[in-house]
Amino acid sequence: MPRLVLVGAAAAAFAASVWTALEPRYAALSLLLVAGSLVLAGVAWLETGPSSAQQIALVATLGGIAAAGRVLFAPVPGVQPVTVIAVVAGVSLGARSGFAVGAVAALASNAFLGQGPWTPWQMLAWGGCGVVGALAAPLLRRRVPLALACFVLGFAFSGLMDLWEWYSFYPHTWAALSVQMGRGAWFDASHAAGNLVIALAAGPELRRMLDRYARRSRAEVVWA
């Protein structure tokens with residue numbers, strides 16, 4: 001069943017993207033359908049992999065911590081720990097867990113900060129940060145490379161959200177895109193700088209903690 005959902009969600013996302021190309025005036029709705037379909041595909045992908053009650057509990061806990069941190073830092077524009085926690089979860093626990101932590105954090109924090117058509121895109125963007133962490137895991141096990149990666153992903157996340165807002169609600173012109181990207185530049189820089197500081201301060205410590213959990217969860221009991 002999860003594989004059927006995955007295929008169906010991918011097909012729906014493709015159909016919605018074609019609709020976007022053919023009917024630009026419905027861009028906001030069609031892009032929302034694309035994001036919703038991709039999130040559904042991500043959920044189906046998670047269900048195809050091995051899981052345990054402990055792993056699900058850990059993902060929920062990490063997602064909740066990231067969401068709480070985002071709400072706590074809300075008065076400081078752009079600064080929040082979600083990107084760093086999602087990346088570290090991907091490094092230590094794998095792509096599925098990294099994706100889940102980022103997606104859960106976006107959904108849970110928006111329950112306090114406000115849900116909207118931006119929520120699925122935030123779920124995808126932060127889930128994608130977790131996947132990047134898993135794919136680049138061998139390179140991100142040291143403090144400085146991890147911090148630099150989170151710095152770059154801060155700009156990538158904010159840039160994706162700027163592109164989504166521009167394509168959904170503004171004229172599809174280079175001038176409008178330039179205004180949108182320029183208006184959000186200071187917010188993007190704040191997000192990236194916040195990621196850099198948080199990763200330098202606590203990234204490797206969180207990774208070591210999750211590494212210990214991962215080793216224990218893979219341990220097998222052998223009876224003599």
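Of the 224 residues in this protein, 43% are buried. Keep in mind as you look around that this is a predicted model. The accessible surface comes to about 11,600 Å², with carbon and sulfur atoms supplying 73% of that area.

The fold itself is quick to describe: there are 9 helices and 0 strands, so reading along the sequence just gives you α-α-α-α-α-α-α-α-α. What about the contacts between residues with a separation of 6 or more: what share of them is made by residues 24 or more positions apart? That share is 75%.

Now for the inside. Nonpolar side chains tend to be buried together in soluble globular proteins. Here, the largest nonpolar core has 39 residues. Several helices give two or more residues to this core: H3 (53-72), H4 (82-93), H5 (95-113), H6 (119-135), H7 (143-169) and H9 (185-218). If you want a place to start looking, try Leu 62 and Val 87, the residues with the most contacts inside the core. Val 87 is worth clicking on. Setting aside neighbours within four places in sequence, Val 87 is in contact with Cys 129, Gly 130, Gly 133, Leu 140, Leu 146, Cys 150 and Leu 153.

Polar residues can be found under cover here too. Take Gln 122, in helix H6. Is Gln 122 buried or exposed? With a relative accessibility of 9%, Gln 122 counts as buried, because the cut-off for buried is under 20%. The side chain of Gln 122 has a polar partner: a polar contact of 2.7 Å joins it to the side chain of Asn 110. Asn 110 also turns up among the residues that Gln 122 touches, along with Arg 70, Ala 106, Gly 127, Phe 157 and Met 161, once residues up to four places away in sequence are left out.

Next, the charged pairs. How many salt bridges does a search of the whole structure find? The search finds 5. One of them brings together the side chains of Asp 211 and Arg 141, at 2.4 Å from N to O. This pair links distant parts of the chain, with Asp 211 in helix H9 and Arg 141 in the loop between H6 and H7, 70 residues apart. The two partners sit in contrasting surroundings: Asp 211 counts as buried at 10% relative accessibility, whereas Arg 141 is partly exposed, with a relative accessible area of 33%.

Helix H9 is involved in another bridge as well. The side chains of Glu 205 and Arg 143 meet at 2.8 Å, N to O. Again distant parts of the chain are linked: Glu 205 is in helix H9 and Arg 143 in helix H7, 62 residues apart. Glu 205 is partly exposed at 33% relative accessibility, and Arg 143 is partly exposed too, with a relative accessible area of 31%.

A further salt bridge joins the side chains of Arg 183 and Glu 165, with 3.5 Å from N to O. Arg 183 belongs to helix H8 (residues 174-183) and Glu 165 to helix H7, and the two are 18 residues apart. Both ends are partly exposed: Arg 183 has a relative accessible area of 46%, and Glu 165 one of 25%. Going back to Asp 211 and Arg 141, these two are also part of a network, in which salt bridges that share partners join Arg 141, Arg 207 and Asp 211.

Stay with helix H7 for a moment and find Trp 166. This tryptophan is buried, with a relative accessible area of 13%. What does Trp 166 touch, not counting residues up to four places away in sequence? The answer is Pro 171, His 172, Thr 173, Ala 176, Leu 177 and Gln 180. For Gln 180 there is a backbone view of the pairing as well: Trp 166 and Gln 180 are 14 residues apart in sequence and 6.5 Å apart in space, C-alpha to C-alpha.

Finally, come back out to the surface. Leu 72, Phe 73 and Val 76 form a nonpolar patch there, and together they have about 280 Å² of accessible area. Val 76 is in the loop between H3 and H4. With a relative accessible area of 41%, Val 76 is partly exposed, so it clears the patch cut-off of over 30%.

Notes
Residues numbered from 1 in each chain as written. Predicted model: local features only at pLDDT ≥ 70, side-chain atom pairs only at ≥ 80, totals over all residues. Heavy atoms only, no water. Helix = DSSP H or I, 4+ residues; strand = E, 2+ residues; numbered from the N terminus. Buried < 20%, exposed > 50% of the residue type's maximum accessible area, 1.4 Å probe, protein only. Contact = heavy atoms within 4.5 Å. Areas by Shrake-Rupley, 256 points an atom, 1.4 Å probe, with all protein chains shown as cover. Core = buried A, V, L, I, M, F, W, Y, C linked by side-chain atoms within 4.5 Å. Patch = residues over 30% accessible without salt bridge, like charges linked within 9 Å, V, L, I, M, F, W, Y side chains within 5 Å. Salt bridge = Lys/Arg side-chain N within 4 Å of Asp/Glu carboxyl O. Polar contact = N/O pair within 3.5 Å; in protein donor to acceptor, adjacent residues only side chain to side chain.
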